[in-house]
Amino acid sequence: APTYELRYPDGAADAEALLAHPGTGRLYVVTKGVFGAVVYAAPATLSADAVNPLRQVGRAMPIVTDGAFLADGEQVVLRDYGRAVVYDFPSLEVVGEVVLPRQEQGEGVAAAADGHVLVSSEGPQSPVYDVALPAVEEPRATPSSRSREGQELPEHEPAPRDPTAWYLGIGLAVAALLVLLRALRPR
């Protein structure tokens with residue numbers, strides 16, 4: 001089978017969700033960001049001989065561990081460790097949310113044709129749960145402002161990098177260094 005190299009526009013990212021649109025097969029990658037996920041679209045036609053640049057098309061909930069398109073391709077469900085959120089596609093407006101059954105480490109989601117999702121966890125003999133999605137609300141975007149798959153996706157400005165994570169990381173590193181230096185100090 002061919003392999004495809006995908007490249008983020010702004011450097012490497014942690015991602016656990018790879019989605020394929022049910023109508024077109026186009027791939028989407030959803031990052032696993034603490035302050036929110038970024039949704040990227042792969043090119044409509046992938047090249048096995050060249051790098052395929054990803055393009056940011058929206059943002060979503062934090063800590064996305066998996067996702068799936070619903071059967072009609074007009075909505076996508078993303079999950080984290082304890083909840084699933086349904087988004088209109090491609091506007092990525094939230095249209096519903098459901099708390100998931102408690103799992104040791106909720107990592108998987110698959111959409112069934114009947115409007116339910118199957119959710120799973122890591123590890124051998126982990127249970128799979130059949131979860132009914134909530135009745136979805138009308139998206140906040142008007143139908144005329146939404147584009148559908150097969151049309152050009154809207155270009156989104158890259159999300160500004162939130163410096164909070166950097167400041168928190170630097171603060172923790174400095175605190176750890178001070179504790180280490182104090183522990184190594186001769187008495």
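Here a trainee and a mentor talk through the salt bridges, a cavity and a surface patch of a predicted model.

Trainee: Let's begin with charged pairs. How many salt bridges does the structure hold?
Mentor: Good place to start! A salt bridge here needs a side-chain nitrogen of Lys or Arg within 4 Å of a carboxyl oxygen of Asp or Glu. By that rule, the number of salt bridges in this predicted model is 4.

Trainee: Which residue forms a salt bridge with R7?
Mentor: Look for a carboxyl oxygen by the side chain of R7, which is partly exposed at 47% relative accessible area. The closest N and O atoms of the pair are 3.5 Å apart, and the cut-off is 4 Å. The partner is partly exposed too, at 44% relative accessibility. That partner is E5.

Trainee: Where in the chain does K32, the partner of E16, lie?
Mentor: The side chains of E16 and K32 meet in a salt bridge, at 2.8 Å from N to O. The pair links distant parts of the chain, 16 residues apart, with E16 in strand β2 (residues 15–20). K32 lies in the loop between β3 (27–31) and β4 (37–41).

Trainee: Is K32 buried or exposed?
Mentor: Its partner E16 has 32% relative accessibility and counts as partly exposed. K32 has 16%, and the limit for buried is under 20%. So K32 counts as buried.

Trainee: Which residues are joined with D80 into one network?
Mentor: Begin with the salt bridge between R83 and D80, at 3.2 Å from N to O. R83 is partly exposed at 24% relative accessible area, whereas D80 is buried at 13%. Salt bridges that share partners then join D80 with R83 and E97.

Trainee: Now to empty space. What is the volume of the largest cavity?
Mentor: Rolling a probe the size of a water molecule over the atoms shows where empty space is left. The count comes to 1 cavity of 30 Å³ or more. Its space is about 40 Å³.

Trainee: Which class of residues lines the largest cavity?
Mentor: Among the lining residues are L19, V30, F69 and L92. The lining has no polar and no charged residues. All 8 are nonpolar.

Trainee: Last one: which helix holds L177 of the surface patch?
Mentor: L177 belongs to a nonpolar surface patch that also includes I170, V174 and L184, with about 700 Å² of accessible area together. L177 itself is partly exposed, at 47% relative accessibility. Its place is in the helix spanning residues 163–184, helix α1.

Note on methods
Residues numbered from 1 in each chain as written. Predicted model: local features only at pLDDT ≥ 70, side-chain atom pairs only at ≥ 80, totals over all residues. Heavy atoms only, no water. Patch = residues over 30% accessible without salt bridge, like charges linked within 9 Å, V, L, I, M, F, W, Y side chains within 5 Å. Areas by Shrake-Rupley, 256 points an atom, 1.4 Å probe, with all protein chains shown as cover. Helix = DSSP H or I, 4+ residues; strand = E, 2+ residues; numbered from the N terminus. Buried < 20%, exposed > 50% of the residue type's maximum accessible area, 1.4 Å probe, protein only. 1 Å grid on protein atoms, 1.4 Å probe; cavity = no way out; pocket = protein on both sides within 12 Å on 5 of 7 lines; lining within 4 Å. Points joined across faces, edges and corners; volume = space filled by probe spheres on them. Nonpolar A, V, L, I, M, F, W, Y, C, P; charged D, E, K, R; others polar.
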